[in-house]
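User: I would like to go through this protein step by step. Please keep the answers short.

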Amino acid sequence: MELITIKTPSTKGEIYIGKEAISKRLPCLTAGQKNFVLTDSNVYALYEDWFDAHFPQTEIFILPAGEENKNFQSLYAILEKMAGAGMRRTSRLFAVGGGVIGDIGGLAAALYMRGISYVQIPTTLLAQVDSSVGGKTAVDLGGIKNVVGAFYQPCEVLMDSTFLKTLPDKEIKCGLGEIVKYAALNGEIFDLLENRADDWKGLTFLESLITACVSHKARVVEMDEKESGERRSLNVGHTTGHAIELTSGLSHGESVLYGMLLETRMVMQAGVCEKTYGQRLLALVERAIALEPTAGMDFTAIEDSAEKARADKKNTDDDKIRMAVAKAKGQWTDFSLPFAEYVTALKNACK
């Protein structure tokens with residue numbers, strides 16, 4: 001079991017990675033206060049016995065699975081259930097699931113009685129490598145992802161790769177969307193993916209990637225908890241990726257892969273990204289996209305996606321689309337275009 005610590009101005013959090021993380025830490029975390037568990041219908045159906053064993057006589061709220069349920073109505077229902085269960089300021093929430101559960105569960109913990117302790121237990125590859133770490137919490141509003149939320153750190157994150165054994169290939173692909181993002185930021189992760197291209201689905205290999213990605217993110221969050229500087233790097237592929245996700249029905253991770261594909265092509269054409277490195281990065285992105293066959297992205301609908309990018313929360317008031325993009329191995333930079341130029345660049349990148 002590995003321990004990674006995040007120290008920020010607001011708090012100190014601990015991330016435990018390994019098959020013993022839950023068995024060793026959960027008894028300590030559940031003792032001594034009233035607890036509340038949030039999960040989704042997919043996770044509960046797979047692990048009902050696990051919940052019975054680890055959270056006996058604990059209120060469990062089961063949210064219908066899917067990004068469409070990460071909204072104010074669900075948040076209100078969770079908070080209402082917490083109040084009805086008699087949760088106090090000394091109580092603790094456990095978010096057991098993927099990115100949706102982590103996002104909305106963390107926000108519920110941040111809001112309830114102005115903030116109670118919470119623990120992330122991520123069950124998907126995407127949540128383990130990225131979304132459970134760093135304290136970003138949110139719900140979607142008006143067709144915009146994560147537009148209402150707060151930075152609120154979990155006291156602990158418990159990561160057990162055993163959960164990954166039940167994931168379908170499409171969920172592994174979804175997680176690889178974020179892993180390839182880290183490869184664009186971290187030369188060691190880049191080399192790992194390049195050198196082990198035939199082993200991307202191997203559980204042992206994925207475990208090593210989880211540790212590498214979490215370590216990278218922990219260092220970034222310690223430098224910049226509220227995303228005013230270096231933490232913006234973690235949005236590589238996400239401006240266009242979020243827009244694609246909202247218009248295509250693709251998963252978050254797959255949308256990020258397409259966002260990286262198009263944004264990397266854009267900055268290569270603009271001379272911002274070094275050409276040879278950009279080609280190598282695109283090869284990783286394309287390999288991840290091809291890992292599990294899907295209908296893929298409809299490039300003819302790119303203008304619909306571009307319009308969604310106008311509402312991205314990273315933009316300012318100058319009508320420019322702001323992106324974090326890969327520049328060279330282990331390097332990133334900010335890149336922005338006026339909206340009309342962004343649309344043109346996107347269209348060219350789709351060719």
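**Cavities, cores and charge pairs**

User: How much space lies in the largest cavity?

Analyst: A cavity is a set of points, on a 1 Å grid over the protein atoms alone, where a 1.4 Å probe fits but cannot get out; lining residues have an atom within 4 Å of a point. Grid points are joined across faces, edges and corners, and a volume is the space filled by probe spheres set on the points. For the largest cavity that gives about 80 Å³.

User: Is this model predicted, and what are the ground rules?

Analyst: It is a predicted model: local features need pLDDT of at least 70, side-chain atom pairs count only at pLDDT 80 or more, and totals for chains, interfaces and linings use all residues. Residues are numbered from 1 along each chain as its sequence is written, and side-chain values use heavy atoms, with hydrogens and water left out.

User: Which element gives the largest share of the lining of the largest cavity?

Analyst: Helices (H or I, at least four residues) and strands (E, at least two) are DSSP runs, numbered from the N terminus. β8 (144-151), α9 (238-248) and α12 (302-309) each supply at least two lining residues. Among the lining residues are T239, H242, A243 and L246. The largest share, four residues, comes from α9.

User: Which helix gives the largest share of the largest nonpolar core?

Analyst: A nonpolar core is a set of buried (under 20% relative accessible area, 1.4 Å probe, protein chains only) Ala, Val, Leu, Ile, Met, Phe, Trp, Tyr and Cys residues joined through side-chain atoms within 4.5 Å. The largest core has 72 residues, and I15, L125, V180, L193 and Y342 have the most contacts inside it. Nine of its residues, the largest share, come from helix α8.

User: Which residue forms a salt bridge with K24?

Analyst: A salt bridge puts a side-chain nitrogen of Lys or Arg within 4 Å of a carboxyl oxygen of Asp or Glu. K24 is partly exposed (between 20% and 50%) at 46% relative accessibility. Its closest N and O atoms to the partner are 3.4 Å apart, and that partner is E20.

User: Which residue meets R310 in a salt bridge at 3.0 Å?

Analyst: R310 is partly exposed, with a relative accessible area of 38%. Its side chain meets E307 at 3.7 Å, N to O. The salt bridge at 3.0 Å is with D319.

Notes
1 Å grid on protein atoms, 1.4 Å probe; cavity = no way out; pocket = protein on both sides within 12 Å on 5 of 7 lines; lining within 4 Å.
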